[in-house]
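Hi there,

Here is the model I promised to pass on to you. Have a look at it first, and then read on for my notes.

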Amino acid sequence: MSANALISWRRILFPAAVLGVAVLPSMAYAHTEAGAVGGLLSGFLHPLTGLDHVVAMVAVGLWGAFLGKPAIWLLPVVFPVVMALGGALGVMGVPVPGIEAGIALSGVVLGLMVVFKARPPLWIAAVLVGVFAIFHGHAHGTELPEAANPMTYAVGFVVGTGLLHLGGIAFGLLTQWDWGTIAVRVGGGAIALIGLGFLVGVL
Amino acid sequence: MAAGGVVVMMPSAAYAHGKIEGVGDLFNGLAHPLRVPSHLLLLVALSLLLAQQKPRRLTWPMAVFTACSGLAIGVAGALDLAGISPLIPLGLLMGLAALVVWGRPMGLPMRAAVCALVAIVAGLDSPPEGESLLVSLKFGVGSWLCLSVVVVDLAFYASLVQAEWVALGRRVMGAWVLAIAILMLAFYAKSVM
């Protein structure tokens with residue numbers, strides 16, 4: 001076989017091998033939703049795999065950082081508890097109207113709160129975040145995978161959501177610098193735009 | 001009301017704990033509290049609550065917890081109990097988590113009482129499983145050691161730093177535990193409906 005022929009075979013075989021590996025179903029991940037560990041992973045990944053959920057969770061943390069104490073820790077306390085109540089409604093099959101619109105609207109409203117550095121009274125902020133938490137929780141509760149271990153799913157789900165809030169707070173703490181405030185407000189704008197995209201059905 | 005009482009007291013087959021084959025009775029006992037999410041969270045919530053005070057104030061509550069958990073496991077084994085309804089540890093878990101979120105330090109009698117309550121519930125729900133007295137004894141000792149070591153360790157290390165941000169972190173974690181307990185309760189309710 002000539003050198004040129006060998007090179008052209010390599011050009012075909014290498015991408016083919018890469019493509020093969022990429023499209024093969026992974027045996028290691030084939031049963032991630034089974035058993036206790038599967039339930040934990042499934043619950044943990046659930047809030048992270050929906051952009052509409054992710055941006056709203058991060059926005060809660062960002063807004064909390066803007067509002068300062070005690071909102072910086074109160075909002076991440078209110079959200080998971082009320083979200084769990086919404087999740088319980090979803091698990092029990094209790095219908096809540098306008099779930100998808102509510103989730104999208106949460107991104108728009110919370111994003112705008114960050115953009116405009118809104119500082120309403122603490123109870124208003126808590127009620128607003130709590131109302132949106134019901135929608136997010138209900139969606140997650142309804143979408144529980146049948147095969148997942150419910151108990152460990154609950155643990156993973158709450159921890160995943162909480163870590164998104166902490167990520168938002170960590171980003172929000174940049175507001176102690178001027179450039180950081182601009183970055184956070186731009187982030188809030190991006191969140192509001194993404195929420196708007198979901199609201200009008202573009203995303 | 002009677003039916004409600006039966007549901008509350010009845011151990012649920014769906015939440016039966018089971019044994020790991022081939023690892024020995026003592027290890028099975030040790031692993032037992034760690035394999036039941038509601039038990040583990042109960043221990044975490046109690047540790048977060050106790051950690052609101054400095055380490056030197058943990059001595060008596062931990063002594064009460066250790067004594068009561070051993071006693072409860074012994075009673076569960078002697079009476080051959082099949083565990084208790086998951087509603088009891090879940091309800092207690094929600095109450096404990098709410099106290100952690102509330103964040104007010106409690107006096108010694110209250111802390112000791114809470115420790116006794118958690119120890120009794122966790123102990124009664126960890127009945128020694130074995131076909132002979134020796135096997136049950138090994139299993140029971142393993143469960144007792146695990147319950148005690150987990151609470152002593154977690155509470156001690158969580159109480160070492162009493163800075164404001166650590167206290168806030170404990171309350172946020174309390175909210176997570178409360179949220180998990182609410183979801184677990186919903187899943188349990190759905191499973192028995």
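**The core and the interface**

The largest nonpolar core has 98 residues, and those with the most contacts inside it are A:Trp63, B:Leu46 and B:Phe65. Helix α8 of chain B, residues 164-192, supplies the largest share of this core, with 15 residues. Please keep in mind as you read that this is a predicted model.

One of those well-connected residues is worth displaying with its surroundings. Leaving aside residues up to four places away in sequence, A:Trp63 touches A:Leu75, A:Leu110, A:Met113, A:Val114 and A:Ala118. A:Trp63 also touches A:Pro120, A:Ala125, A:Leu128 and A:Val129. As background, nonpolar side chains tend to be buried together in soluble globular proteins.

Now for chain A as a whole. Its secondary structure consists of eight helices and zero strands, so to speak an unbroken α-α-α-α-α-α-α-α from the N terminus on. Chain A has 203 residues, and 47% of them count as buried. Among the contacts in chain A with a separation of 6 or more, 83% are between residues 24 or more positions apart.

Next, the place where the two chains meet. How many residues of chain A are in contact with chain B? The count is 24 residues of chain A, against 21 residues of chain B. The area buried between chain A and chain B is about 2,100 Å², and carbon and sulfur atoms give 89% of that area. On the side of chain A, the residues that lose the most area to chain B are A:Trp73, A:Val91 and A:Met151, which together make up 30% of what that side buries.

What about charged and polar pairs across this interface? The rule finds one salt bridge between chain A and chain B. In a salt bridge, the side chains of B:Glu164 and A:Lys69 meet at 3.3 Å, N to O. The interface also has one residue pair in polar contact, with both residues at pLDDT 80 or more.

Which elements give two or more residues to the side of chain A that touches chain B? They are α4 (71-92) and α7 (150-172) of chain A. Of the elements on that side, α7(A) gives the most, with twelve residues. Sorted by class, the side of chain A that touches chain B has 20 nonpolar, three polar and one charged residues.

I hope these notes are handy when you open the model.

Best wishes

Notes:
Residues numbered from 1 in each chain as written. Chains lettered and ligands numbered in written order. Predicted model: local features only at pLDDT ≥ 70, side-chain atom pairs only at ≥ 80, totals over all residues. Heavy atoms only, no water. Contact = heavy atoms within 4.5 Å. Buried area = accessible area lost by both parts, 1.4 Å probe. Salt bridge = Lys/Arg side-chain N within 4 Å of Asp/Glu carboxyl O. Polar contact = N/O pair within 3.5 Å; in protein donor to acceptor, adjacent residues only side chain to side chain. Helix = DSSP H or I, 4+ residues; strand = E, 2+ residues; numbered from the N terminus. Nonpolar A, V, L, I, M, F, W, Y, C, P; charged D, E, K, R; others polar. Core = buried A, V, L, I, M, F, W, Y, C linked by side-chain atoms within 4.5 Å. Buried < 20%, exposed > 50% of the residue type's maximum accessible area, 1.4 Å probe, protein only.
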